[in-house]
Amino acid sequence: LGILVVPLSTQMEQQRIAETDRQLAAVREALIGFAIANGRLPCPANPAVATGSAGAGTENKPGTTCAAAAGVVPWAALGVPEADVWGRRLTYRVTLNFADDPPAGAQASFLITDPGDIMVTDGAAIIATTLSAIVVSHGKNGLGGYRTDGTQVSGATGNELENANGNTLFVSRTYGPDFDDQVVWISAHI
């Protein structure tokens, strides 16, 4: 029985990883669709607002600009699920000039020549630069991610901490025992 349980739990984890990949792809498409419809990317939602509270899942945008560049995916604004398959919200960061309201008479808040300010490494080498937005699932261990009650899971270190510290540098690398984050991004060229 023990021999059968290990492969079954491994298969279930692989299924959850694949489901998270599908969810991240759907969120990426929703972000692009939002940009096409609104001429800008959405602002992140405030990660500390609990489910069911006023403002949960909506853009943290008090005026024409975002209140913060980092937060969680604004699930209510995009019509996507609030949490990943492990029950934690997806971290979302946007380059602010891609999320501001378009100026009067303009169709978009950014120009095709505007660079993004987000960079991704594999933990050592740069693999993508000048990105306009990025989305992170903090994986099975959830370290650095936000629960639906608005609290952050503590204990992130190393590359997982890099995906949770709110700056513009992120890590995307092979899934393993010390790194279970999954990452998708939007190039400024898209």
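A pocket, as the word is used on this tour, is an open set of grid points where a 1.4 Å probe fits, with protein on both sides within 12 Å along at least five of seven lines, and its lining residues have an atom within 4 Å of a point. The model in the viewer is a predicted one, and the tour begins with a pocket.

**Stop 1: the second largest pocket**

Select Ala 70, Gly 71, Thr 91, Ala 164 and Gly 166, which lie nearest the centre of the second largest pocket, among the 14 residues that line it. Its volume is about 150 Å³. Colour strands E1 (70–72) and E3 next, since each of them supplies at least two residues of this lining, with E3 giving the largest share, three residues. Sorted by class, the lining of the second largest pocket consists of six nonpolar, seven polar and one charged residues.

**Stop 2: the largest pocket**

Move on to Ala 35, Phe 98, Phe 110, Ala 188 and Ile 190. The largest pocket holds about 290 Å³ of space, and of the 18 residues that line it, these five are the closest to its centre. Helix H1 and strand E8 are the elements that give two or more residues to this lining, and the largest share, three residues, comes from H1. By class, twelve of the lining residues of the largest pocket are nonpolar, five are polar and one is charged.

**Stop 3: the aromatic pair**

Keep Phe 98 and Phe 110 selected and show their side chains. How many aromatic pairs does a search of the whole structure find? The search finds one, and in this pair, Phe 98 with Phe 110, the ring centres are 4.6 Å apart and the planes stand at 35°, so the pair is tilted. Both residues lie in the loop between E3 and strand E4 (118–121), and the pair therefore ties together parts that are twelve residues apart in sequence. Is Phe 98 buried or exposed? Phe 98 counts as buried because its relative accessibility is 2%, under the 20% limit, whereas Phe 110, with a relative accessible area of 25%, is partly exposed.

**Stop 4: the nonpolar cores**

Now select Leu 31, Leu 41, Val 73, Tyr 92 and Val 135, which touch the most other members of the largest nonpolar core, a set of 29 residues. At least two residues of this core come from each of H1, helix H2 (75–78), strand E3 (91–94), strand E5 (126–137) and strand E8 (182–187). H1 gives the most to this core, with seven residues. A second core, separate from that one, has eight residues, including Ala 128, Ile 134, Val 136 and Val 183.

**Stop 5: Thr 20**

Return to helix H1 (residues 2–38) and pick out Thr 20, which is found there. Thr 20 is buried, since its relative accessible area is 0%. Show the residues around it: leaving aside neighbours within four places in sequence, Thr 20 is in contact with Val 85, Trp 86, Ser 137 and Gln 182.

**Stop 6: Thr 130**

Thr 130 has its place in strand E5. Thr 130 is partly exposed, because its relative accessible area is 33%, a value between the 20% and 50% limits. Check its backbone too, where Thr 130 has a positive phi of about 50° although it is not a glycine. For a distance to display, choose the C-alpha atoms of Thr 130 and Gly 116, which are 4.1 Å apart in space while the two residues are 14 residues apart in sequence. Not counting residues up to four places away in sequence, Thr 130 touches Pro 115, Gly 116, Ile 118 and Ala 188, the last of which was selected at the largest pocket as one of the residues closest to its centre.

**Stop 7: Ser 172**

Finish in the loop between strand E7 (169–171) and E8, where Ser 172 lies. Which residues does Ser 172 touch, not counting those up to four places away in sequence? Select Val 120, Thr 121, Asp 122, Ile 127, Phe 179, Val 183 and Trp 185 to see them; of these, Val 183 belongs to the second core. As a last distance, draw a line from Ser 172 to Leu 96, whose C-alpha atoms are separated by 22 Å, the two residues being 76 residues apart along the chain.

Notes: Residues are numbered from 1 along each chain as its sequence is written. This is a predicted model: local features need pLDDT of at least 70, side-chain atom pairs count only at pLDDT 80 or more; totals for chains, interfaces and linings use all residues. Side-chain values use heavy atoms; hydrogens and water are left out. Helices (H or I, at least four residues) and strands (E, at least two) are DSSP runs, numbered from the N terminus. Buried means under 20% relative accessible area, exposed over 50%, partly exposed in between (1.4 Å probe, protein chains only). Contact means heavy atoms within 4.5 Å. A nonpolar core is a set of buried Ala, Val, Leu, Ile, Met, Phe, Trp, Tyr and Cys residues joined through side-chain atoms within 4.5 Å. On a 1 Å grid over the protein atoms alone, a cavity is a set of points where a 1.4 Å probe fits but cannot get out, and a pocket is an open set with protein on both sides within 12 Å along at least five of seven lines; lining residues have an atom within 4 Å of a point. Grid points are joined across faces, edges and corners, and a volume is the space filled by probe spheres set on the points. Ala, Val, Leu, Ile, Met, Phe, Trp, Tyr, Cys and Pro count as nonpolar, Asp, Glu, Lys and Arg as charged, and the others, Gly among them, as polar. Rings of Phe, Tyr and Trp (its six-membered ring) pair if their centres lie within 6.5 Å; planes under 30 degrees apart count as stacked, over 60 as edge-to-face and the rest as tilted.
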